[in-house]
Amino acid sequence: MFSFACDKTEKKLLLIKTAEKNSTAVKLRIDKTSLTANNKFYISFGEKAPFKFFDCYPVNAKDSQLVGVDGVGQKEDSSSLAETNLVHPPVWGLCTVVETNVDEIKMGTQYRAMLPIANEVSFANVTVDEQDNMVVIRPTTNPAYNVFVKIPSDSICFSSSNSSNDDNTTSTKSDLALVTFPGIITGFGLYHALSRKQFYRSKENDERVVVLSSASSKVALALALYLQKHNKEATTTGGTSVKVFGYTSDQNKEFCQKTGLYDEILSYDEDLPGGDDCKYILIDIAGRGDLYKRNADTIKKTLVIGNASSQDDKDSTFACFSMYAMVKLMLTMAGAPSFLRKWMNPSMELFLIMDVSAELTAEWGQEKFNAMVEQATIDFVKAASEWMTVCHCNTDALITKAFDDIMAGTIPPSDAIIVDVAKAVADK
């Protein structure tokens, strides 16, 4: 197995080779994975509950060696990793069963899951759930990351060829669906969470403006798209629409305007238009505490998604939490049951897509939930194909550079990064 591990201190990728396991229930070929700004969040919260992303694929340092790569600063001689501080940063990807000792899991079955940046992965203990998804038995890992969702052949995520080199329309849509999936599912959950709360209106005709920080992120773009669809339906049905504002950096303003999803785009040094009403709902993806502080008097509700701008703890939105909000946050980080946290409603809180997905699945059933997410994916990919371009990383140098650029925040929002480790290590 070849994989890219990350030094927790330097946040740099190293290519390593790990000896094969002697006993496996299932072996999966990793067809392609994606890199997005979400990977910064996975690194930042890798050891924090309830996420603990680093528990998904611990580095087996004892049975691994560094692999030399010219031109990207890695050691050219193989050496032991026993003394290193490496982790496998998780990414979303597609994989295919190539070996199986489990009757219910068939050869060639394709899954979408949280994976390592690798060419393959094996598991010793798996089962199959009622929806025919594969579930990996890993007690220390967040259960949400143990589910490998079976991809039906008619899904937009499926391509007749899994090669990330395909230039045909089907492959492009499949690649976009993969790269944008974390943003799509989070935006989908946010939209339904907001609509179920009537956008925190006291009266039906109260004006509401949903404000998205990090407006060029895939989470923000997905939510903005679903809000605009909501507005179109409201026009037809006589419902109440919402406005959509976005905060972004100056260099990403043009991109955000090109999407046509926002009623207004603001720079981070601009304040929200004032007024006597608390009409704004802040969906904070950037994690900038200064943005909240300047506009607090006009904000009705804040849902915090992450810290895309990599703010220090003292400058992040989390530092603005009230004591009440901190209690809920601490319960969340401790992994307290959702029913215990649900009755708490501070004006600012952490949004967890796992909770909303579980609620929607319980209400709709798994089949309807899957169908709704599939349609949301189709809708977003159709729109995104107008302003996003798939970029394939299939060499060691390209993969390492893409990861560095993600960590530095220099990847253009128009780029959708697909990683093919199998091709990158084909000659090693």
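These legends go with close-up views of a predicted model.

**View 1. Helices α3 and α9 cross each other.** Start with two helices, α3 (residues 218-237) and α9 (residues 366-384). Their axes come within 11 Å and cross at roughly 105 degrees. Angles of 65 to 115 degrees count as roughly perpendicular, so that's the word for how α3 and α9 sit relative to each other. Who makes the contact? On the α3 side, look for K218, L221, A222, L225, Y226 and K229. On the α9 side, the partners are A376, T377, D379, F380 and A383. Sort the residues of this contact by class and you get seven nonpolar, one polar and three charged.

**View 2. Helix α9 also packs with α8.** Stay with α9 and turn to its contact with α8: here the axes are 6 Å apart and the angle is about 120 degrees. That makes α8 and α9 oblique to each other, because 120 degrees falls outside the ranges with names of their own. From α8, the residues to find are S357, L360, T361 and W364. They meet Q366, K368, F369 and M372 in α9. This contact divides into four nonpolar, three polar and one charged residue.

**View 3. The second largest pocket has a mixed lining.** Now for some empty space: this pocket holds about 640 Å³. How many residues line the second largest pocket? The count is 23, and K328, K342, E349, V356 and E359 lie nearest the centre. Five elements each give two or more residues to the lining: helices α2 (169-196), α6 (323-333), α7 (338-342) and α8 (353-364), plus strand β17 (348-350). So what kinds of residues are they? Eleven are nonpolar, four are polar and eight are charged.

**View 4. The largest cavity is lined without any charged residues.** By the rule used here, the model has one cavity of 30 Å³ or more. About 30 Å³ of space lies inside this cavity. Its lining is made by S34, L35, T36, N38, N39, Y42, V91, W92 and P182. Strand β3 (26-35), helix α1 and strand β6 (91-100) each supply at least two of the lining residues. Which element gives the largest share? That's α1, with three residues. As for classes, the lining of the largest cavity has five nonpolar, four polar and no charged residues.

**View 5. Two phenylalanines, F41 and F53, form an aromatic pair.** The structure holds 20 aromatic pairs, and this view picks out one of them, F41 with F53. Their rings are 6.0 Å apart, centre to centre, with 70 degrees between the planes. Planes over 60 degrees apart count as edge-to-face, so this pair gets that label. Where do the two residues sit in the chain? F41 is in helix α1 (residues 38-44), while F53 is in the loop between α1 and β4 (64-66). The two are twelve residues apart, and the pair links distant parts of the chain.

Terms used
Residues numbered from 1 in each chain as written. Predicted model: local features only at pLDDT ≥ 70, side-chain atom pairs only at ≥ 80, totals over all residues. Heavy atoms only, no water. Axes fitted to C-alpha atoms, helices over the stretch in contact; angles between N-to-C directions. Helix = DSSP H or I, 4+ residues; strand = E, 2+ residues; numbered from the N terminus. Parallel < 35°, antiparallel > 145°, perpendicular 65-115°, else oblique. Contact = heavy atoms within 4.5 Å. Nonpolar A, V, L, I, M, F, W, Y, C, P; charged D, E, K, R; others polar. 1 Å grid on protein atoms, 1.4 Å probe; cavity = no way out; pocket = protein on both sides within 12 Å on 5 of 7 lines; lining within 4 Å. Points joined across faces, edges and corners; volume = space filled by probe spheres on them. Phe/Tyr/Trp six-rings, centres within 6.5 Å; stacked < 30°, edge-to-face > 60°.
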